[in-house]
Amino acid sequence: MIDRTAPTFVTGHRGMVGSALVRRLGAAGFTRILAATRHELDLRDQAAVDRWFDVHQPAYVIHAAGTVGGIHANASRPADFLYDNLLIHATVLHAACRCRVDKLLYLGSSCIYPRDCPQPIREQYLLTGPLEKTNEAYAIAKIAGLKSCEAYRRQYGCNFISAMPTNLYGPNDNFDLTSSHVLPALMRKFHDAAADGAAEVAVWGTGAPRREFLHVDDLADACLFLMDHSDQEETINVGAGEDIAIADLARLIRDVVCPAAHIVFDPSMPDGTPRKLLDVSRLHALGWRHRIPLREGIESAYQWYRSQLPAAVT
Ligand code: GFB
């Protein structure tokens, strides 16, 4: 187990993943969780990141920061996604190596795997085929980060490990309809439909693509588990092990949020990858499994969403 009293830096602590990590580490008794807002530290600035590491001397780093978004944000802002993420991963890994941190966990994304992978997707399928076009830029930056972890291990002996989470959801998700992922977007659309008395909710694409969803609290738990129990170079998929068609996800969210709404599909919007189900047998073999079933997770995420709204619109 890693030392609960050692300084532990969570990058991106205001985001959905970073904030879940801070909650999880706090519950596990970590006494020195380090964090920096975007305003305090621009992770794209190597000199600033080096200075920050010199001053704070983290023993551990969980690297959850990044410029992220759903299919539309990825497809419309590829330069930002590539630039920000290439830099953010490069600066943090380089500073962590320079400061000789004891261990770093790098978080990737299931979109790093080839678009038309056999399913479920095993870790060894990385770089065996072309990427999905809608998120190619983001995926390339994420692959560069993953390969950097391997390179720092080989050249400098750094204990950098990595995990590849599936699509995530939960508290502190992004609910902006142009930049969010599907689950928070649909939650908001159905909520707004209930509030406005609207009969129809538009679901992008055909509804046929399949996605796997993991509650972010499960991901945070898996991250702590890997920090405690894995030192291996090979990346590890983190998922729930089952997927669902977007049309069925829409029905599930409708049932929780606004059962009266009618779903209409908008085929002018992209479907993206047809299917993205991770093979999680490597993680299961280490002894970790997710706990939060999808419907229960959606119900609790919806409660959280409502708790954030002004009283008049909940
Ligand atoms: O979650 P999502 O934006 O990202 O979309 P990806 C998943 C599927 O849901 C796509 C459909 O087929 C969307 O067309 N969808 C239906 C919607 N209605 C909506 C809606 O209202 N909003 C959104 N956003 N989607 C992202 C990647 O891919 O997943 C990233 O772009 C990253 O790089 C992330 O990997 C986890 O699963 O397609």
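# Exercises on a predicted model

The largest cavity encloses about 40 Å³ of space. The structure examined here is a predicted model.

**Exercise 1.** Determine how many cavities of 30 Å³ or more the whole structure holds, and describe the lining of the largest cavity.

*Solution.* Step one is the search: over the whole structure it returns 1 cavity of 30 Å³ or more. Step two is the lining, to which Ser-110, Cys-111, Tyr-113, Pro-114, Arg-115, Ile-121, Glu-132, Thr-273, Arg-275 and Lys-276 contribute. Step three sorts these lining residues by character: 4 are nonpolar, 2 polar and 4 charged.

**Exercise 2.** Identify the closest residues around the ligand and the character of its shell.

*Solution.* The ligand is surrounded by 23 residues, and the closest of them are Ile-71, Lys-189, Arg-211, Pro-270 and Asp-271. Sorting the shell by character gives 11 nonpolar, 8 polar and 4 charged residues.

**Exercise 3.** Find polar contacts of the ligand, then state how much of its area the protein buries and which elements build the shell.

*Solution.* Begin with the side chains. Lys-276, one of the residues lining the largest cavity, places a polar side-chain atom 3.1 Å from an oxygen atom of the ligand. In the side chain of Asn-135, an N or O atom is 3.5 Å from a ligand oxygen atom. Turn next to the backbone: an N or O atom of Trp-204 there is 2.9 Å from a nitrogen atom of the ligand. The ligand taken alone exposes 700 Å², of which the protein buries 97%. Two or more shell residues come from each of helix H3 (71–76), helix H6 (182–196) and strand S7 (200–204). The greatest contribution is that of H6, with 4 residues.

**Exercise 4.** Count the salt bridges, and explain what the pair Arg-44 and Asp-84 ties together.

*Solution.* With a nitrogen-to-oxygen cut-off of 4 Å, the count is 24 salt bridges. In one of these, the side chains of Arg-44 and Asp-84 meet at 3.2 Å, N to O. Arg-44 belongs to the loop between strand S2 (33–34) and helix H2 (46–56), whereas Asp-84 is in helix H4 (residues 78–98); the pair therefore ties together parts 40 residues apart in sequence.

**Exercise 5.** Locate the cis peptide bond before Pro-120 and the positive phi of Gln-57.

*Solution.* The bond from Gln-119 to Pro-120 is cis, its omega being near -10 degrees. Pro-120 sits in the loop between strand S4 (103–107) and helix H5 (136–156). Gln-57, although not a glycine, has a positive phi of about 45 degrees. Its place is the loop between H2 and strand S3 (60–63).

Technical notes: Residues are numbered from 1 along each chain as its sequence is written. This is a predicted model: local features need pLDDT of at least 70, side-chain atom pairs count only at pLDDT 80 or more; totals for chains, interfaces and linings use all residues. Side-chain values use heavy atoms; hydrogens and water are left out. On a 1 Å grid over the protein atoms alone, a cavity is a set of points where a 1.4 Å probe fits but cannot get out, and a pocket is an open set with protein on both sides within 12 Å along at least five of seven lines; lining residues have an atom within 4 Å of a point. Grid points are joined across faces, edges and corners, and a volume is the space filled by probe spheres set on the points. Ala, Val, Leu, Ile, Met, Phe, Trp, Tyr, Cys and Pro count as nonpolar, Asp, Glu, Lys and Arg as charged, and the others, Gly among them, as polar. A residue is near a molecule or strand if one of its heavy atoms lies within 4 Å of it. A polar contact is a pair of N or O atoms within 3.5 Å; within protein, one must be able to donate a hydrogen and the other to accept it, and residues adjacent in sequence count only if both atoms are side-chain atoms. Accessible areas come from the Shrake-Rupley method with a 1.4 Å probe; for residues, only the protein chains shown count as cover.
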